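Okay, thanks for making room for me today. I'll put the model up and then we can walk through it together.

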Amino acid sequence: MLQRPRRNRKSEVIRQMVQETHVSAANLIFPLFIVDGVNQKTEVSSMPGIFRYSIDNLLREVEECMNLGLHSFDLFPNIDDSFKDKYATESHREESLYLRAIREVKKNFPESCVITDVAMDPYSSDGHDGIVENGEILNDETLEVLGKMALAHARSGADIIAPSDMMDGRVGYIRKVLDDHQFTNVSIMSYSAKYASAFYGPFRDALNSAPKFGDKKSYQMNPANQREALIEANLDELEGADFLMVKPALPYLDVIKLIKDNTELPVAAYNVSGEYAMIKAAIQKGWLNEQRAITEVLTSIRRAGATAILTYHAKEVLLNKWL
Ligand code: PBG
C-alpha cells in the first residue's frame with residue numbers, strides 16, 4: 001500500500017496539523033431573548049440554559065460574554081400581548097423594549113456587534129411576519145413596516161440588520177431606506193434561505209410569537225427544495241446583502257454548501273432553537289457526550305461553508321473552553 005491515510009491520524013500533533021476546519025469565538029453570534037421589567041431572568045422551558053433577560057440583566061450577560069471573547073449578539077424581544085397589533089406598530093416606537101435594549105447595549109459596549117431582527121412576528125397580533133388581510137400575508141405593504149423597523153434599529157445603534165421575514169424584495173427596500181437616511185455603514189445579514197421548519201418551536205415559546213392561525217409556508221421555503229435557495233441568495237446579493245444566511249443549519253448543510261459555492265459573500269448559518277433543544281434533551285438523558293456533540297455540530301456547520309454561526313451554544317463553548 002502506497003497510501004495509508006491513517007498515517008495522518010497517528011498522533012494528536014499530526015491530527016491537529018492536518019485539521020481542515022476550526023471554530024473560534026470570532027465566528028460565533030449569540031442570540032439573546034429580552035423581556036420587559038427589572039431583574040428578570042427566566043429560563044425558556046424547552047431550551048435549558050437559555051433565558052429571557054430584562055435589560056439590566058441583559059447588560060450583565062453581555063458583559064460576561066464580552067469577557068469570554070464573544071462579541072456578537074442577535075437580540076429578540078418577548079412582547080406582551082397588550083402591545084401587539086396588526087401592523088406591529090410597537091416595533092418602531094422610540095421607547096419600545098427592543099429599541100431601548102439596542103441603545104443600552106451599544107452605549108455600554110460600543111465595541112460589541114449588535115445584530116437586530118427585522119420581522120413583524122414578535123409584535124404582530126396575528127403572529128405572522130407580515131401584514132395579514134383575509135388570511136393572506138401581504139408582501140409590498142409589509143415592506144413599509146420592515147423599512148420603519150430597520151431604520152429604527154439603525155437609529156438605535158444596530159451594527160447589522162437581519163431581516164428574517166422572507167418577504168420578496170425586502171433586502172433592496174431596507175438597503176434603500178438605510179442609504180436614504182445616511183446609514184450606508186449599517187450592514188444587512190439576510191435570512192436568504194429560511195425554511196418553513198419544525199425546528200423553530202422552542203423559539204416561538206421563548207417569544208410567545210407562534211402564528212395565531214395557519215403556518216408560514218407561503219413565505220418561508222419548502223424544506224424539500226435546494227435549487228430555490230439559490231434564487232433567494234442571488235436576489236439578496238443583487239439587492240445589497242452583506243451576508244447570506246441559511247436557517248436552520250444542521251438539517252440544511254447541503255444548502256449552506258450550495259450557497260457557499262455560488263457566492264463570494266460570507267455565509268452565515270442559524271443553528272436554531274429546535275436543534276439546541278434536541279441536543280440538550282439527549283444530553284439530559286445521558287445519551288450523548290455534551291462537549292463532543294456540541295463541538296461536532298459547530299464544526300460540521302463550519303465545514304459545510306458557514307463563516308458565522310448563530311448558536312445558543314456560543315457562550316457555553318467558551319465558558320467551558322471546548323473549542
Ligand atoms: C422570526 C424568527 C424565527 C426565528 C428567528 N426569527 C421564527 C420563525 O420564523 O417563526 C427562529 C430562531 C430559532 O428557532 O432559534 N422572524
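Before anything else, one bit of vocabulary: when I say two residues touch or are in contact, I mean that their C-beta atoms, placed from the backbone, lie within 7 Å. Also, residues are numbered from 1 along each chain as its sequence is written. And please keep in mind that this is a predicted model, where local features need pLDDT of at least 70, side-chain atom pairs count only at pLDDT 80 or more, and totals for chains, interfaces and linings use all residues.

So how confident is the predictor? pLDDT is its confidence in each residue, from 0 to 100. The protein averages 98, and 100% of the residues score at least 70. For the complex, we get an ipTM of 0.96 and a pTM of 0.97.

Now the overall build. There are 11 helices and 12 strands in the protein; these are DSSP runs numbered from the N terminus, with at least four residues for a helix (H or I) and at least two for a strand (E). The C-alpha trace spans about 70 × 45 × 40 Å along its principal axes. The radius of gyration is 20 Å, which agrees with the value near 20 Å for a compact globule of 323 residues. That radius is taken over C-alpha atoms, and the globule rule is 2.2 Å times the number of residues to the power 0.38. Of the contacts with a separation of 6 or more, 73% are between residues 24 or more positions apart.

I'll be saying "buried" a lot: that takes 20 or more other C-beta atoms within 10 Å of a residue's own, while 12 or fewer is exposed and in between is partly exposed, with C-beta atoms placed from the backbone. By that count, 46% of the 323 residues are buried.

On to the active site. Where does UniProt put it? The unreviewed entry places that feature at Lys194 and Lys247. These two span 54 residues in sequence, yet their C-alpha atoms are no more than 4.9 Å apart, so they gather at one spot. A caveat on the record: UniProt positions are in the numbering used here, feature names are shortened, and annotations may be inferred rather than shown by experiment.

Lys194 is in strand E9, residues 187–194, and counts as buried with 27 C-beta neighbours inside 10 Å. Leaving aside neighbours within four places in sequence, Lys194 is in contact with Ser164, Met166, Gln220, Met221 and Lys247. Lys247 belongs to strand E10, residues 243–247, and is buried too, with 24 such neighbours. With the same exclusion, the contacts of Lys247 include Tyr191, Tyr195 and Val272.

What about the ligand? Among the residues around it are Asp117, Asp121, Ser164, Arg204 and Val272, "around" meaning a C-beta atom, placed from the backbone, within 6 Å of it. So Ser164 is in the ligand shell and also in contact with Lys194, and Val272 is in the shell and in contact with Lys247.

Last stop: Glu232, which the unreviewed UniProt entry lists as a "binding site". Glu232 is in helix H7, residues 227–238, and is buried with 22 other C-beta atoms within 10 Å. Not counting residues up to four places away in sequence, Glu232 touches Ser192 and Ala193.

Technical notes. pLDDT = per-residue confidence, 0-100.
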